[in-house]
Each structure stands twice: as C-alpha cells, then as structure tokens.
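Here is a short tour for anyone meeting this structure for the first time. Have a look at it below, then read on.

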Amino acid sequence: MSAKRVFIKGNEAIGQGALAAGCRCYFGYPITPQNDIPEMLSSAMPAAGGQFVQAESEVAAANMLLGAAACGVRAMTTSSSPGVSLMQEAISYMAGSELPGVIVNMNRGGPGLGDIGPSQGDYFQSVKGGGHGDYRTLTLAPATCQECYDLTFTAFELAYKYRNPVLILGDAIVGQMKEPVTPREPLPIDPAEGGDWKLTGRGERAPRLLKSLFLEDGALAGQNRLLQKKYEAMRAEVLYEDFETAAADLVVVAYGSIGRIAKTAVRALRDAGLKIGLLRPITLYPFPEEALRALAAAGKRFLTIEHNLGQMVDDVRLAVRGLADSDFYGVFPGNLPTPDEFVEPIRAAAKGA
Amino acid sequence: MSSIPEIKEELVFDRPKVLADVPSHYCPGCQHGVIHRMVAECLEEFGLVEKTIAVSSIGCSVFLYNYILVDTVEAPHGRAPAVATGVKRARTDAFVFAYQGDGDLASIGLAEIMHAANRGERISVVFVNNTVYGMTGGQMAPTTMIGQKTTTCPAGRCAEREGGPMRMAELIASLDGVAYSARVAVNSIKNMAQAKRALRRTFETQIKGEGFGFVEFLATCPTNWRVSPVAANERVAKEMIPGFPLGVYKDAAKED
C-alpha cells in the first residue's frame with residue numbers, strides 16, 4: 001500500500017525518495033538550485049537514523065560518499081553543475097574502485113559560474129565519463145517530480161546491482177517545480193547488501209581492499225576489461241518514453257524537462273494533423289540507441305531538441321548512423337523555453353523531408 | 001660422557017600478526033616501516049584489528065594495505081580525511097584511521113584535514129612528515145624547510161618566494177573539534193617510546209569518543225634527501241626537530 005500523495009518540489013522528491021530507498025548517509029554542500037535537498041535532509045536524515053554532513057566542499061562531499069559507499073551503506077550527494085565538476089575526481093575513483101553511490105546534478109547554466117537557471121549543458125559530462133579514465137556512470141533523467149522520486153529508487157538499485165556510481169541529471173525546472181507525488185512504501189534496510197565486498201572491519205575473515213590503483217603488469221588492463229563488460233551489461237537497463245512514434249514521420253528526441261515541454265508541442269501539432277511522435281530517453285547512459293535505430297530503420301526522421309548547444313544530438317546521430325540523420329534545435333542556457341517556442345522548429349523539421 | 005644441558009628458548013620479541021611478513025618496498029633508511037609497525041602494535045594492543053577500517057592515501061604509503069592487514073579503502077590524493085569521515089559516519093562502530101604523507105595532507109588535502117579535525121570526526125590521522133614528495137621524486141612539499149634543496153627548489157626553499165614550512169600539529173591543535181594533537185619522531189629509542197605513547201593516545205581519543213586524534217611523525221627520506229640512512233637520521237635531530245618541535249599540542253584529557 002502506498003502512502004498518500006504529497007505536493008512537493010522535485011528536489012524534495014529526490015530527498016524523500018532517497019530516504020524511502022534506504023539512503024542513510026548524505027553529504028552535501030550548498031549550491032543553487034538544489035538547496036532544498038540538503039536543507040530537508042539536515043533534519044530528515046538524522047530523524048531516520050542516518051547521517052547528514054555539510055561538507056567543506058563538493059570535493060569533500062563526493063569523497064565522503066566514496067567512504068560511505070565502501071562500507072556498503074546507501075549514500076547520496078547532490079549538487080549542481082559547478083559543484084558536480086568538483087566531484088569528478090571522486091566519481092572516477094568510485095568507478096575505478098567499483099563503489100556504488102548516487103550523485104544528483106540539478107543542472108544549471110554554464111560554462112563557468114553560468115547562472116542559476118535550468119540547462120542541459122552537462123549532458124556530455126554525465127554520459128561520457130566526466131572525470132579521467134575510461135568509465136561510465138549510469139545516468140537517469142527525470143522529467144516530473146514523480147520521476148524524481150521513482151528514479152531515486154532506481155538509482156540506488158542500479159548502483160548496487162552494478163557496483164557503480166549512478167547520476168540523476170535533473171535541472172532547475174524539475175528541481176524547483178511542485179507537483180503531486182505518490183510516495184512508495186519505504187524499503188527495509190538490507191544488511192546483506194554488498195555482503196561480499198563491503199568494508200565492515202575484517203573480523204575473522206581475510207582483509208578486504210577497495211582501490212583503483214593497479215600497477216602490476218597487465219592488472220589495469222584486466223580491470224578495464226572487467227569494467228567494460230559491466231558497461232555492456234548495463235545496456236539492459238535502458239528506459240525511455242515512447243509517445244506516438246509508431247505512426248509518426250518525424251520523431252522528436254528530447255530528455256528531462258525539455259522532453260516534457262516538447263511533448264506539449266508535439267501533442268498540439270498532432271492535434272493539428274502532423275505525423276509527429278516523441279522519444280524521451282529516461283536513461284541517458286545507457287542511451288536508447290536500439291529503439292532509435294529501429295525507428296530509423298522504419299524510415300522515420302529525427303529532430304533532437306535540447307537546452308544546450310547540441311550534445312545529445314551526437315548520440316542520436318550515432319544511434320541512427322547509416323540509416324538517418326537528426327536535425328537539431330537548441331535553446332541557449334539562460335533562456336527558458338515554452339512549448340510555443342518548439343512548434344515552429346518541429347513544423348519546419350516535419351516539412352524538411 | 002656428560003649430557004648436554006637442555007636449551008630453553010624464550011620468545012622475547014615478535015612481529016605483530018596484523019603486520020604482513022613480506023619484503024618492504026620502502027627505501028633503506030625510510031621510517032615508514034617503523035611507523036607502520038607502531039600502528040600495527042597499537043591496533044593489536046587495543047584489540048582493534050577486527051573492527052578497523054584503514055584509509056590509505058596517495059604517495060609512498062599508498063601501499064599501506066600490503067603491510068597492515070585490515071579492511072582498507074584507497075582515497076584520492078589528499079582526500080583521506082573526507083573518505084574516513086564517510087566511512088566512520090557509515091559505520092560508527094568501526095575504528096577508522098587514515099595514514100597520510102605531508103604532500104597529501106598539508107598541500108592538496110589541507111581543506112579536508114582541517115575540516116575533518118574541526119568537525120571533531122571520531123577518526124585518527126597518522127601524519128608522516130618527511131619534508132618532501134617522496135613517491136614522485138623529491139619535489140618541494142609544504143613542509144620543506146627553509147634552505148632545503150629539492151628537485152623543484154634546487155637552490156633551496158626560499159621563504160620570500162615559497163613561504164615557510166607548515167607546522168601541522170600546531171595548526172590542528174588550534175581547532176575546537178580536536179581531542180589530541182602531537183608531534184613525535186622515531187630517530188632514537190627515547191623518541192620512539194614517546195611516539196608510541198602519542199600514537200596510543202591518538203587511538204584512544206577515538207575509542208573513548210573524545211574527538212579527532214592527530215599525530216605527526218617526523219620521518220626520514222634518505223633517497224630524496226640524497227644522504228645515507230645514518231645521515232638522514234642525524235638530520236632529524238639536527239634540523240627537523242628544531243624546526244618542528246616535538247610535543248603534545250593539545251590533549252583534551254589534560255584540560256579542565
């Protein structure tokens with residue numbers, strides 16, 4: 001039985017989702033537009049018997065996450081773009097050491113200090129590794145407050161399933177807007193989770209070691225081979241929303257808040273008789289490339305819409321290569337798009353055949 | 001024919017079991033080995049081996065886990081106190097210590113050590129100060145002494161250009177969350193005995209939940225100092241101790 005609906009911000013939905021998903025350690029540092037999360041967890045986490053630390057920096061917050069993850073305790077940190085840049089060192093070490101943890105990025109405008117408004121400028125950083133070395137982080141992109149809540153559960157499940165950091169990539173829109181959210185029954189803490197690798201103190205067993213340094217001849221290659229196999233296996237976790245693509249000539253590809261705004265425009269144009277659909281990737285890594293490729297093989301054309309200067313469009317083009325291409329419409333970070341803004345670009349792309 | 005008297009053997013000295021019986025990668029005359037052993041002894045004396053989680057750092061002592069056989073996680077450069085914070089918060093019943101060199105702790109990791117100390121995290125930090133970056137080949141460290149030659153201050157560290165050596169035990173002692181901060185050396189039997197007492201007290205502050213415990217070990221690096229092990233040990237007494245005075249800079253147990 002699920003609890004009564006609550007009217008909360010996307011940021012709060014992530015905080016509440018994390019608590020219900022069994023997160024018992026939170027480390028954060030203030031940055032707009034995600035401050036609701038550390039503020040609510042500063043009291044809610046201790047009340048749930050967990051630990052809240054306001055770190056001295058995002059560098060430290062992410063390394064505290066690494067430490068808690070090494071103990072097999074569900075842990076999270078949240079930030080926004082400039083702060084997430086500072087976390088990349090620890091995220092790379094976590095990937096290299098195979099440590100599970102959840103990192104939330106409420107994407108704001110960049111580069112540099114940028115602004116505090118919404119943006120999708122961190123797509124590349126999120127899905128292509130972000131820090132040094134060959135690694136990937138599962139990346140989930142919520143479009144609604146309910147998805148903020150639900151995908152936080154998914155993030156913890158995937159983090160432990162793959163022993164890998166998982167990113168939730170939202171933006172200032174979904175973080176700051178309020179919607180009704182249906183909470184879930186809280187998950188019981190599973191003391192057996194991470195049982196064969198987590199650090200507990202060695203007790204009577206052999207000591208365990210969690211590290212990313214592999215100096216012996218061939219050892220690093222072996223570790224990278226193992227990681228690569230894991231990234232291949234992650235492809236099974238693809239999630240996306242398919243809105244009326246079957247009968248469409250043109251498929252709009254957009255994620256997160258922008259996917260939701262684009263859907264309103266697509267719906268209006270469909271009502272006006274245009275054959276248009278929408279594919280909204282929910283996992284950005286793994287990317288729904290097979291779904292896109294199947295649509296390309298069926299003769300569809302594509303328009304990618306993003307709140308940046310063109311990042312995910314590269315992955316759409318790679319997915320459909322040899323069969324189709326994708327047009328691109330980008331909203332510059334610093335501007336806030338409305339559904340009306342997308343109508344003309346979609347209409348133009350639909351005519352372009 | 002007279003009978004041979006039975007020879008009685010009595011074990012008077014042994015290796016701590018938690019210390020691995022393996023060849024060391026440390027250079028001849030390096031004092032990490034002595035300090036590792038002291039850490040191992042204290043873990044056993046307090047009965048902590050089974051509940052310890054160690055945080056290793058970046059530098060020569062990155063291989064701590066090859067010698068001290070406890071659960072260990074490797075921290076990024078300088079971040080060991082933040083990682084140890086996460087470990088201790090996640091597993092409050094564990095005994096958590098970080099082992100860091102001077103480049104790691106006093107340069108790139110200065111924010112992490114100061115704030116973990118100031119929060120009074122119930123962790124212990126073993127800090128080894130040999131005044132150079134050892135593993136990367138002897139570059140200038142924040143602890144390099146005025147006039148000391150390194151590969152990146154070949155004419156000697158100049159106070160006007162590079163500032164002076166940072167005295168961490170004193171800095172740490174100034175923070176409210178700290179229960180214990182001391183500086184010790186292992187260059188003589190007398191100093192080793194004092195060092196062992198300080199290390200025990202550092203661990204004890206965590207066991208008793210008094211606050212953050214910190215102990216700075218002055219140590220040799222003959223390879224990067226370009227001197228013999230004997231000369232390196234002599235330098236500790238002649239140059240290092242006058243510049244980095246030994247002593248207990250804070251002990252919560254001795255305050256009202």
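## Where two strands meet

Let's begin with a pairing across chains, keeping in mind that this is a predicted model. Strand β9(A) lines up with β2 of chain B (residues 71-74) in the parallel sense, and two bridges join the pair. One residue to look for here is L210(A), whose bridge partner in β2(B) is V73(B).

## The contact between the chains

Now zoom out to the whole contact. Chain A puts in 33 residues and chain B puts in 28 residues. On the chain A side, at least two residues each come from β2, β3, α3 (58-70), α4 (81-97) and β9 (209-210). Which of these gives the largest share of that side? That would be α3(A), with eight residues.

What about the chemistry? The residues of chain A that touch chain B split into 19 nonpolar, nine polar and five charged.

## Chain A as a whole

Step back once more, and chain A turns out to hold twelve helices and 15 strands. Its C-alpha atoms fit in a box of roughly 70 × 50 × 45 Å along the principal axes. For 353 residues, a compact globule would be expected to have a radius of gyration near 20 Å, and chain A agrees with that at 20 Å.

Of the 353 residues in chain A, 54% are buried. If you take the contacts in chain A between residues at least 6 apart in sequence, 79% of them link residues at least 24 apart.

## A closer look at one helix

Helix α2(A) covers residues 36-47, twelve residues in total. From its first C-alpha to its last it reaches 17 Å, close to the 16 Å expected at 1.5 Å a residue.

Which residues of α2(A) are buried? They are D36(A), I37(A), P38(A), L41(A) and M45(A). These sit on the same side of α2(A), because they cover an arc of only 155° around the axis. Their packing partners are β1 (6-9), α1 (10-20), β2 (25-28), β3 (51-54) and β4 (75-79), all in chain A.

Turn to the face pointing away from that buried side, and you'll find the exposed residues S43(A), P46(A) and A47(A). Carry on past the helix and you come to G49(A), which has a positive phi, near 85°.

Note on methods
Residues are numbered from 1 along each chain as its sequence is written. Chains are lettered from A and ligands numbered from 1 in the order in which they are written. This is a predicted model: local features need pLDDT of at least 70, side-chain atom pairs count only at pLDDT 80 or more; totals for chains, interfaces and linings use all residues. Helices (H or I, at least four residues) and strands (E, at least two) are DSSP runs, numbered from the N terminus. The expected span of a helix is 1.5 Å times one less than its number of residues. A residue is buried if 20 or more other C-beta atoms lie within 10 Å of its own, exposed if 12 or fewer, and partly exposed in between; C-beta atoms are placed from the backbone. The arc is that of the directions from the helix axis to the C-beta atoms. Two residues are in contact if their C-beta atoms, placed from the backbone, lie within 7 Å. The radius of gyration is taken over C-alpha atoms; the globule rule is 2.2 Å times the number of residues to the power 0.38. Ala, Val, Leu, Ile, Met, Phe, Trp, Tyr, Cys and Pro count as nonpolar, Asp, Glu, Lys and Arg as charged, and the others, Gly among them, as polar. Two strands pair if DSSP finds at least two bridges between them.
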